[in-house]
Structure formats: structure tokens, C-alpha cells
Amino acid sequence: MFTVRKEQQRPKTSLLLLLPILLFLFIACLPLLYILLRAQEVGFKNALSLIFRDRVYELLRHTLLLDFTVTGASMIIGVTTAWCIERTNLWGKRMWNVLITIPFAVPAFISSYSWVSLSPMFEGFFGAFLVLTLYSYPLVHLPVAASLRGMNGSLEEVSHSLGYGRWQTFWRVIFPQLRPALFGGALLIALHTLAEFGALSLLRYDTFTTAIFDQYTMAFNGASAAMLTTVLLFLCLIFISLELYSRGKARYVSVGSGVARPQKPQSLGVFTPFALLGFALLTVLAVGIPLGRLVYWLLRGSSAQFPLTELLTNLGTTLAYGLGGALATLLIALPLVMLSIRARGTLSLLLERVPYFIHSLPGLVIGLTLVFFAVRYVPVLYQTSIVLIIAYVLLYVPLAQSSVRASYEQAPKRIEEVARSLGKGPLAVFFTVTLPLIIPGIGAGMALVTLKVMTELTATLLLRPTGVDTLAIQVWQHTANSEFAAAAPYAALLILISSVPVYVLTMRSFSSKRRGNL
Amino acid sequence: MIGKKVASTALSIVLVGALAACSTGKSDSDEKALTIYSGQHKEVTDAVAKDFTKKTGIKVNVREGSSNELAHQVAEEGDHSPADVIFTEETASLVMLSEKGLLAKASDKALHHISKQYEDANGKWVGLLARSRVVAYNPDEVKEQDLPKSVFDFASAKWKEKVAYVPTSGAFTNQISAMIKLYGQDKTKAWLEGLKKYGKSYKNNKIALDAVEKGNVSVALINNYYWDREAKEKGKEHMNSKLHYFGNGDIGDMISLSGAAIVKASEHKKEAQKFLEFATDLKGQQALTEASSQYPVNPKAKTQGMKPFSELHPPKGTLHLGKYSDGKQAIALLQEVGLL
Amino acid sequence: MMALRITDLCKSFDGQTVLNNVALELPKGKLLAILGPSGCGKTTLLRSIAGFEMPSTGTIEIAGVSVFSDKKQLPAEKRRVGYVPQEGALFPHLTVAQNIAFGLSRQTRNQRVKEMLALVGMEGFEKRMPHELSGGQQQRIALARALAPHPELILLDEPFSALDTGLRAQLREDIKYALEQAGATAIMVTHDQEEAFSMADRIAIMRDGKLVQTADPDAVYTTPSDVHVATFVGDAVILKGQVNGNLVECPLGSLCYQGSSHSREAVTVMIRPEQVTIGSAQSGVIAKVTKTIYFGHDSLIHLELEHSEQHCTPAIRVLGKPPVKKGDLVGLQVNGDVVIYG
């Protein structure tokens, strides 16, 4: 699609596809350039001394410990919940499915306060682990559940007929097929944890990102922050290569013509009470406590003046940024995905990974970068929503990419070819055939990015037009001063509107594989 | 047809969203609107800005953030800075901006409102509020008579896990700068290392105070107004913690300033001067001190409920820190010790 | 004027030759089957004609218009070919009628959709969605969709491979009928001999990227260009023999052969099993029955020649149930000319 082959196997890619990608690549280089410039300011020797010091080792230990435990625990929880909901006769599956995806709508910096305000024992590593895991596991649960739904049940039956029990079948047959969804989600979690700021700051757990923030707010030159960022980028490279390695050589385009046969749910038998207990516990921990605390603060703060106009203005701003950011992100993610799938090759594979690399950068670094370049080279745009939207694109392209990619791989190339042979040009084919087919992926991607943009803090703080506040900023500014009653209305509204995209993500039509008769 | 409908609906939603995003784009650049970068607490800035607008009719846009962050931003923005006034928690960031030549002189009128010790020698910035470092303690955990004579004594095994401190706050850095000036690098470093070993670090003063309130720690090293503001809201009798002043000129009682300055790149200097004049005048000072529970720098303004300024016994020579005033040495020391 | 003319078409991929000097001509209104084992390049050839693959060199002309040459590469949408891939590839988000109308202009749309539905025998299915159709129905709609814009050429890529055997025969006839009614020129790619012979006007045999024989079905069957083609398109008894004047001597006797005599003495002899008749052991070449398999409408009889230096085990089909049983001795006779290869 969009490619006219001229030379042998050297597809010529249309400008329409390349232009947004080149634009994005250009912008994606800016943060790296910024870090280099900052590092160069202090000189090589100083830079090294800023990297190789005890504090950095300490941060490295903290960061890695948290990242691996959160990612690991989220994978275990996410796969378990997805399997129980998609494959067993668990009582109340639909209800659980909605309940356990709600935490996704509760920003980590809001739930972290709920925990800290309960008891100081949730400060430090344990609290950070708990809050981030409970916030992150839906990123595994959602894709794995979708993948389980699309899986051909007869494969499992074959495995059973070959004498493998339920457990062995899971490991030998189901798990390998879940790998792309699982590790894709895990990568996102690992990167998010690297870049998490708000929650960890409240939970008194220092990682590279919180340290970068401290360096920046305390010291006047960004050199030290830039040096810490280089270490962070290095970590990110490791995670990305781990994920690439885990993907292996397999192409995860659906193979074969067999219509996925719906499977008979398995009976949990004696494990039913444990499963129900587990789900109940998860719901209480991930939903009950944060929302319960929020309601408590709402009621306590009801005596205080209820800032209705401000709430509504902030709501409008939040929605506008959410949707605008999601649209812009999509316009970049779509060409990237199309290029990487339709013109497979090392280059396009690397190209597709660039956004993930940038994704691990804290919002702060992205913000600083854009301040730096906007003020110097395009002062007209400085402190306008445009620069802020660009920041959102840099931060969240991978989220849109993974959703769009999943549905684009389901749209066979053959169908586009048939459309071409019926006399439609590449653009017409895109709009009449490809686009309608990948609408589920686009919907899911938009929902995910909207959700993330609406809860974004640091880049928004730095880049927003003066006088413009989003709900997240209001919440943050109030919670940072421990004014929880004042923060509560904003937090409640933020969670309420965030649950719309989360609901979209749980809708089957948006996450299930469209198989039918392709 | 269903697919098409879904597509067109989705597209139209997206377009409306994008339009809305653009419309909230640049906030209206009113001729006379003043842009203040404020690192002070939101209510404090809002209070004085509201009175200012009421009096002069000049609209005020406030951009909030941490003081150093905003100063950093002004430095980054240089000649293109949209800021007219910068209002910071500590003076270190104003000193930095002044050194970089990014500030314009405040009008004589504004400078005359306050005594010389509370303003920059070159008139590049003016102090707006003063405050004292204090020890907030929880009487259930520790009796006042058991508190040490000097803040230096908290950095010892005796206070293990009992002292909350906020190494990333501007006030703390400022205190370190003063310590280096008064007691030298080595003693300061030893104190920081002791705190790192025995104390509990928090990300901000309010949270540190909350820890004392709940009894999670015995004492917190903070600024007076965190406690005074909460006491004003809740009533002193509802506070679980109390304030302790060493009362002997110890550096633990040090006074520091929160100040404001006019950004050189400002295109509304006249309005900006008006703002500084207002904020240093009686009415502005009264609004500021009431909203912030900090001490006014204009002697005519009155405080309420706080320990009277005249009863404080701060150490001498901490208002102007000379070569340490930009905080660079303090930051370097914090990094060296590993608190940053 | 030819509906399709291909000259010197080459394509290599990763250093491997996929198309090797392919040349092909197809008159208007004919159905050509490209027959070959999987991996022989037949799908690549089809996709090159459609414009989905770019060959390295050569030319392609469709209805007199050059669509591919050194100077000119028309994109797929300008070539006026209809394409029916395996499994149909109907647009899953469009109804049957919308699928057929996809390549049509607005004015002619309704009328043409009706005609096409009638042509493939699917009237009344306009409003159905693709997933509500059976595999065979999907293929019919896919054909209707391809025929609707009056293309110069229809390309069918293994159109029956995903269907049950039972459905295939009927669908083949129906599709052949539809193509004839539409007066369409068509190329069908298949690895199924029966499919090719029952449908095509001409058959092109493809092997290792080359077209080894292009001829009428009868000619391909009775005079295959080489032994490989012979065994690929049907059962064959292959024997070594010696040319002796007008006859060739082989274990099945001295037989007449087609074409002019060969000067060389040693040849390979190809005999179609249906040329061999089984009689009593009194006459003909003596063979022993080693196995019989009964299929209902016919039977397969495995034989082993007695008194032969060559190990020769032909299998002969006879109608009805086997007239002999294992261990019987029978006499074999060959009717008609045999084919020899040097």
C-alpha cells in the first residue's frame, strides 16, 4: 500500500508516507541533541564525574529493582487475569473485566497519595512497587486478553489430544502465542516505570527520573540532569533489545485460513474460590483504596468552595489536549506502522523502534528540549499548544503504534491488492479499504493516547500556555502541597473522563481480532 | 456502510477535538496583561494579583512552577521571554538571573517601600516576604526540653529515623549556602552526611510536616509558614505538632527572603513596575502576608497569629550571602554527599 | 490482437531466479491455466501481470497496451485486470453489493451489480456481509467483483484451493460458465491437474520459473514436452526402450511412436496407462497382478512384468470392479502411438 515497486524488492515509498515519518525523526532527534549540547557544556571530564559517582549507582540499583519487579509482577497478574476472564467459567467475568481495568484510569500520582495517606509504611520501595504494579498490569491484561480471544482453540485441543495437561498446554501452546502481546505490554510498562515521576516523588522512592527532576529544579545548569538522562537512555536501550530478542524471528501476522473457533471455557474447579478471592483482592487494592480515599476527600472537602467554573475550563482543556494529542500522535504512528509492515526490512524495523527509545525519556526532558529549541528557533510557537502537542507526540507514539500495528497486521495485503486491481489509486484504497479495517486499532490507539495525555504532568507543566491548566496539573499542584480535599474534585473528574477511553479499550469490538473470512 | 459511518464519526470527533485544542492555544495577548512566573504558592500569588487587578485594571496571567524551574526557564528564554515579573520562593534564583543580566532594575518607589536589607544592592530584585527556618516537632514523640540547642545536633545517631528534612527544597539549599558561609565547607558537609545517614528525606515541606503531624517522625526541619498556614486553617488547638525556635541565633532559625524582579525582556515594564510597587506597598504586603503566613518586609504591614517578627533571634549575615548567594556551592555539596 | 502478450519476463529475488525468460500469448476470450508445483513461480507470474510485483526485465502487454517495459510501469489500478485471490479476499466491512460495486462508477452501479449477481447465480444476496457467506459463495462474489468493471483480463490465483472437494466441481463449472458468458479472457493459476484440464482452453506448464510447455489440454496430455511434464500432468508408464526404424522396442513390446524417428538408439518411452488393455495371458506381454484397489467407479491394478530385464511395475485403471485378482497372470497390449524422449 502506498508503494510502487520499481527496482527489484526496493519499494519506493510515497512522499505522503515518508513526510510525517521524516518530520517525526527530525523532532525525535531534538531531545538527544539537547542532551548532547548540555553534556558538552560541562565538558567531557566533568560529565564523566557526574555519571560515575555513588549517587548514580544508588539510583541505578533503585531504578532497576523497581523496574524489574513492577514489570514482572504486572506480567504475572496481567496474564492470569486475562486467562481467567477469556478462558475459564469464572463467575462474573464481564464485571471483573471492567473492574480490573479501572485502575488504568487512575493516574499513579493520585493512587500513590491514597496509599501514603493510609500509612507511611507504603513509602519507599514497597509502596512504589505496589502502586506502580497496580497501575501497570492492565497494559499486559488488555493485549493478552485480546490475543487469547483471537487464538485458535483447536491448537489447544490438539495439545490435549497429544497428552498434555492444562498446565503444560498453557506453557507449550498458549504462552508462545501470547509472547508478542505479553512482551509488547511488558516493554511499555518497563519504559513507563523508568519515566514515572509523580507517584515516586510522593512515595519517596528515588529513581533516575525523580533524580533528574531534582537536579533540574535545584541546579541551574541542566548538565547533571542530562548526564543522568544518558544513563536512563542506556537502560532503555537494554529493555528495547530485550523485547526485540524475545520477539524472535516470528512474524505475527495471522497465518492460515481457519476461522478461529470459539473455545469452551475451562472449569476452574476447586480453584474457583481462590480465583474469586484474587479478583476481589485485586479490585480492592487497585480500585477500592484509591477511589475510596478520593471519595473520603471529596466529602471532607465539600465544605470548601466548589470551583465549578475552573473545573469546567480545566475539563475542556484536558479533553482538547487529549484528543488533539491523540490525533497528532496517530498521524505519525500510522505511517510508521504502514512502512514497517508493508516494507519489512532492518531499516524500517529500526525506524519503528525509535519512538520507543524516546518513550523512556521523562516528560521533563522532552519539555526542556522543546523549550530550548522553540525559544531559540521558533519563538512564535513558544508556549503555544502546538509545542505541547508535539511533546505529546514524542512521548506517546509507541502507544498508538502498538494498537494500530495489531489491527494493521490483521488487514491482509491481498485485500488492498484486489482494491488496486479494481482501479482505485493508493490513496483511495487507503480510505475505502484499509482505514475502515483498522478502525478498531485506531480507536484503541486513540483511547490509549488520550488517556495518557490527559494524565501527563511534567511536559504539560513546562510547555503549556501561561494561564492554561489541565485537570492533572491542578491535582498535582494541590497534592504536592498535600491539599487533598482541594485536589479531590479535579482528581474525581479526571478519573471520570479517563474511564471513557478505558471503557473503549475494554470493548471487545475494539480489541478483538477481526478474523471472519479474510 | 457501518465501517464508513464509524470512520466518519471518529474523524469528526477528532477534528472537533483538534479545533478545540487550537482554540485554547495562545492565551489572549492583551496589550496590558501582565505575565508573572510564580514559584510562590498559588494562593499567595493569586491573592496579590487579584488585589492588583482590582486596583489597576491590569490583567494578570500567572504561570506556576517551582522557583528554580521558572528561573531556569527565564534564562532559557532569554530575549524572547514572555515573562514580565518573576516571583520566587528563594532569592538564589533571582541572584542567578541578575548575574546573567536578565533582570531590569526595580523602580525607586518600590525600593523605597522596604528597608535596604531586604532588597538587592543594585536594585535588581526586591524581597516581598521573609520567613524563618523552624523545627516542627510532635510533643507526643519528643518533649520540647529534649530538643537540642542547635540544628547541627540533629545529624546524630540519637535522632535516627526521627528527623524529616527536604534536601530538594530551595529553603534547604539556601540554609546550606548560609552554613557554608558561616561555618565553612567541612562542617556543613559533615552535617549533610549525618542527615543523610540518620534523617528521613522528603520531597516537600508540606509532606514532611504531615509526617510530623501523624507521628511518623518526631521533628521536621521546615519553614515557619507551612506550620502557620495549616494552624491558621485548622486552628492551633487542632495541630498535633508545635513549632520550636532555638532562640539563640542558631542557623536553624535563619531568616530568608522570597522576592520578585522584573524580567529584562518584558514588554510591559511599566505595568511590571506598578506590580512591584503594589506588592511592596501596605495593601499588597498585607494581602501577601495574610495569604502566605510569612512575614512582611514592609514594616507597616501586620502579621496575625504568628510569632511576632521582633521576637525572632535569627543568626546574623544570612540575608545576603555574597558569593554563596547563587546556591552553586550548596548544590555541588549536595551532589557530593549524594542527596542530589 | 492478443489479450495478453508477455516477452522475456525475468525476475530474481535474493539471487534466486523466480521467473526465467517467460514468454506467453493469450488470445481474447480464452482461459489459460498455469499449472505447476508450488514454488515454481506461477503466482509470481500472475502477480507480475496484475502489477503487484515488479519483474526485472521483459515486457507485458494487456489488450495491446504496454503495462510493463523498461520505460513504463503502469500501477495495478491502471491495468484493467480483475484479480481473484485465494479465499476471495472480500472486503469484510462491505456488503456483497458494495463489494461488487467497488470498482464501478456511480451511474452504472446498480444495474451492473444485478447483472453480476445473476451471472454467478447469487441473486438476492446483495445485503449480506461476507462473513455470512460460505466459502464457495465468497468465491462467486469475488469473481463477480472482478468481472464487474469489464476488465481486459481476469486473474485467478488458486481460486478453489480453500474449498471442499465436493464443492469444487460444481463451482468450477459455474465459474467457467460465468467467464464464458462474460466473454472474459482469464488466467488461472493452479497446482491441480484436474482443475486445469477440466476448465482451461490452454495450459501452460511451469517449472523452476520457466514455461516448459504451452499448448491445448489434449496436446499437453498426449504429447508432453518431456518426461517431467508427462508424469506431472497424469499417470504414466515410463520405460527404457530402443528405437528400431519405425518402432520402439521396450518391455511392453515393439510399439509405434509419434513423430519422426530418432537416430539415437536408447530412448525413454512414455505410455499412458489407458493405452494399455488387460487380456488373457495367452496374448501380449505377460504380467503378474501384485495388487488391486477398488474405488467403486473404477479400480487400479498393479502389475509386474514377467521375463523382463527392466523392473517394470505399471498401474492400470479399469472401469468397475477389478476383473482379476492378486497373483493372476495377464497379457498386456498397448494401443495407439507411444511417446519417446531422447
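How much area do chain C and chain A bury between them, and what share of it lies on carbon and sulfur atoms? In this predicted model, chain C and chain A bury about 2,600 Å² between them. Carbon and sulfur atoms carry 58% of that area. Chain C brings 31 residues to the contact, and chain A brings 23 residues. On the chain C side, E77(C), H93(C) and F102(C) stand out. These residues supply 24% of the area that chain C buries against chain A, more than any other three residues.

Chain C carries an annotated domain. The UniProt record, an unreviewed entry, assigns "domain: ABC transporter" to residues 4-233 of chain C. Helix makes up 33% of this span and strand 27%. The C-alpha atoms at the two ends of the span are 24 Å apart.

One sheet of chain C is open and has four strands, in the order 2-1-4-5. Its pairing is antiparallel. Strand 2 and strand 5 (65-68) of chain C form the edges. Each has a single partner strand, so one side of each is left without a neighbour in the sheet. From one strand to the next, the twist averages 25°. Helix 1 (residues 42-50) of chain C packs on this sheet and touches strand 1, strand 2 and strand 4 of chain C. The direction of helix 1 makes about 120° with that of strand 1 of chain C.

Within this sheet, eight bridges join strand 1 (residues 2-13) of chain C to strand 2 (residues 16-27) of chain C, in the antiparallel sense. F13(C), for example, stands opposite Q16(C) in strand 2. The hairpin of these strands has two residues between them, and D14(C) takes a positive phi near 55° there. Strand 1 of chain C also pairs with strand 4 (residues 57-62) of chain C, again in the antiparallel sense, over five bridges. Here R5(C) stands opposite E61(C) in strand 4.

Another open sheet of chain C has six strands, in the order 6-7-8-3-9-10, with mixed pairing. Strand 6 (81-84) and strand 10 (210-215) of chain C are its edge strands, and each pairs on one side only. Neighbouring strands are turned by 20° against each other on average, direction ignored. Strand 3 (residues 31-35) and strand 9 (residues 202-207) of chain C run parallel and are joined by four bridges. L32(C) has R202(C) as its bridge partner in strand 9 of chain C.

In chain B, helix 11 (residues 282-292) has buried residues, including G284(B), Q285(B), A287(B) and L288(B). T289(B), A291(B) and S292(B) are also buried. Their cover includes helix 2 (42-56), helix 9 (224-234) and helix 10 (269-280) of chain B. Strand 3 (85-88), strand 5 (126-137) and strand 11 (295-296) of chain B contribute to it too. S293(B) follows helix 11 of chain B and has a positive phi, near 55°.

Over all chains, the structure holds zero disulfides. C29(A) is in no disulfide, and the nearest cysteine sulfur, that of C236(A), is 15 Å away. C29(A) is partly exposed, with a relative accessible area of 45%. Why does C256(C) have no bond to C250(C)? The sulfur of C250(C) is the closest cysteine sulfur to that of C256(C), but at 11 Å it is too far for a bond. C256(C) is partly exposed as well, with a relative accessible area of 42%.

Definitions and conventions:
Residues numbered from 1 in each chain as written. Chains lettered and ligands numbered in written order. Predicted model: local features only at pLDDT ≥ 70, side-chain atom pairs only at ≥ 80, totals over all residues. Heavy atoms only, no water. UniProt positions renumbered as here; feature names shortened; annotations may be inferred. Pairing = 2+ DSSP bridges. Axes fitted to C-alpha atoms, helices over the stretch in contact; angles between N-to-C directions. Disulfide = S-S within 2.5 Å. Buried < 20%, exposed > 50% of the residue type's maximum accessible area, 1.4 Å probe, protein only. Contact = heavy atoms within 4.5 Å. Buried area = accessible area lost by both parts, 1.4 Å probe.
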